[in-house]
Amino acid sequence: MTQPYDLITMGRIGVDIYPLQTGVPLAQVETFGKFLGGSATNVAVAAARLGRRSAVISRTGRDPFGDYVHQALRDFGVDDRWVTSVDAYPTPVTFCEIFPPDDFPLYFYRRPKAPDLVIRPEELDQDALAAARIFWITGTGLCEEPSRSATLAALEARAKAGPTVFDLDWRPMFWGGEGGASGDGGATGAAAMATARPNYEAALRHATVAVGNVDEAEVATGLRDPKACAHALLERGVELAVIKQGPKGVLAVHRDGRTAEVPPTPVEVVNGLGAGDAFGGALCHGLLAGWELEPMMRYANAAGAIVASRLACSSAMPTAGEVDAFLAGR
């Protein structure tokens, strides 16, 4: 490797099969589009669209959808050298329903096991992980072995050599839970949260940045007040805590005492899925550029808003020019 990557992400990859009709239940949808998907993958794509050199560590099935994933990554300019195939399991697909402005149910087809949960510690390129300018992992990568051990091994190899981001990424169904978030009437399942929390705490000890919404921060901290969550994350080892609050905007708190509270960027929402990944890619872009907290949060909010106003996720990620024009028009 002659030059370090700006960003290496590690985690979910697959194919999003999204309806081309909005406001229609999945049972009645007649036409679909096929898109590259997976949270960690979308973040790498988002950063690449902003001009950053990015790569993904993940795995697919040895099947046509796996072939599609590799081609899509290359088309987006994301290095796929660490995306390897697993003979035993198919490439995951994810369906959604689109009911703007705030109802986007997801249906994950990841059984009997998703290939991205079969990443093994011995397969990691530890030199590349240590050299990358930013390394990004997700909560889903901690939910099963051997991915859990591989994720923690990657964090240990990284050794906080630079910004190391933990996307709290809570998907309760991957931990034996169900439904949505405990705070809004859903049923995450107390047992699922109890299982996840020590694993989240282990990852936080190796991270320098934690990013997630209030529901995700609750898994890591047991708290729901945004400011309390941010400070609890700092106490668990990170230097920067970023709490996304949806219609209430975003809160960023740094260990050195700096804070930023930025209001949301209003748009007509088409599909809110992928907005958080666009936010993540833009956050990495800002960290790499050395921006102050407030302009970085505003930029990341804008990137997320642009994607929320579009149908897809990966292919909807904005360029730097699009984000700049969007902000200039506000």
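**Confidence, cores and a helix pair**

The model is predicted, and its chain averages a pLDDT of 94, with 96% of the residues scoring at least 70. One stretch is another story: over residues 179-187 the pLDDT is below 50. That stretch still makes 16 contacts in the model beyond its near neighbours in sequence. Where pLDDT is low, though, the predicted coordinates should not be read in detail.

Turning to the interior, the largest nonpolar core holds 50 residues. Leu73, Val242 and Met297 are the ones that touch the most other members. Helix H9 (residues 293-308) supplies the largest share of this core, 10 residues. Apart from this core lies another, of 49 residues, with Trp82, Ile137, Val214 and Ala241 among them. As for Val242, leaving aside residues up to four places away in sequence, its contacts are Ala210, Val211, Gly212, Val250, Leu251, Ala252, Phe279 and Met297. Met297 thus turns up again here, as a contact of Val242.

Next comes a helix pair. Two packed helices are described by the angle between their axes and the distance between the axes. For helix H6 (residues 214-221) and helix H7 (residues 226-235), the axes come within 10 Å and cross at roughly 45°. Angles from 35 up to 65 degrees fall outside the parallel and perpendicular classes, so H6 counts as oblique to H7. The crossing of H6 and H7 is left-handed. On the H6 side, Val214, Ala217, Ala220 and Thr221 do the meeting; their partners in H7 are Pro226, Cys229, Ala232 and Leu233. Val214, one of these H6 residues, is also a member of the 49-residue core.

Definitions and conventions
Residues are numbered from 1 along each chain as its sequence is written. This is a predicted model: local features need pLDDT of at least 70, side-chain atom pairs count only at pLDDT 80 or more; totals for chains, interfaces and linings use all residues. Side-chain values use heavy atoms; hydrogens and water are left out. A nonpolar core is a set of buried Ala, Val, Leu, Ile, Met, Phe, Trp, Tyr and Cys residues joined through side-chain atoms within 4.5 Å. Buried means under 20% relative accessible area, exposed over 50%, partly exposed in between (1.4 Å probe, protein chains only). Helices (H or I, at least four residues) and strands (E, at least two) are DSSP runs, numbered from the N terminus. Contact means heavy atoms within 4.5 Å. pLDDT is the predictor's confidence in each residue, from 0 to 100. Axes are lines fitted to C-alpha atoms, for helices over the stretch in contact, and angles run from 0 to 180 degrees between N-to-C directions. Angles under 35 degrees count as roughly parallel, over 145 as roughly antiparallel, 65 to 115 as roughly perpendicular and the rest as oblique. A crossing is left-handed if the near helix is turned anticlockwise from the far one by less than a right angle, and right-handed if clockwise.
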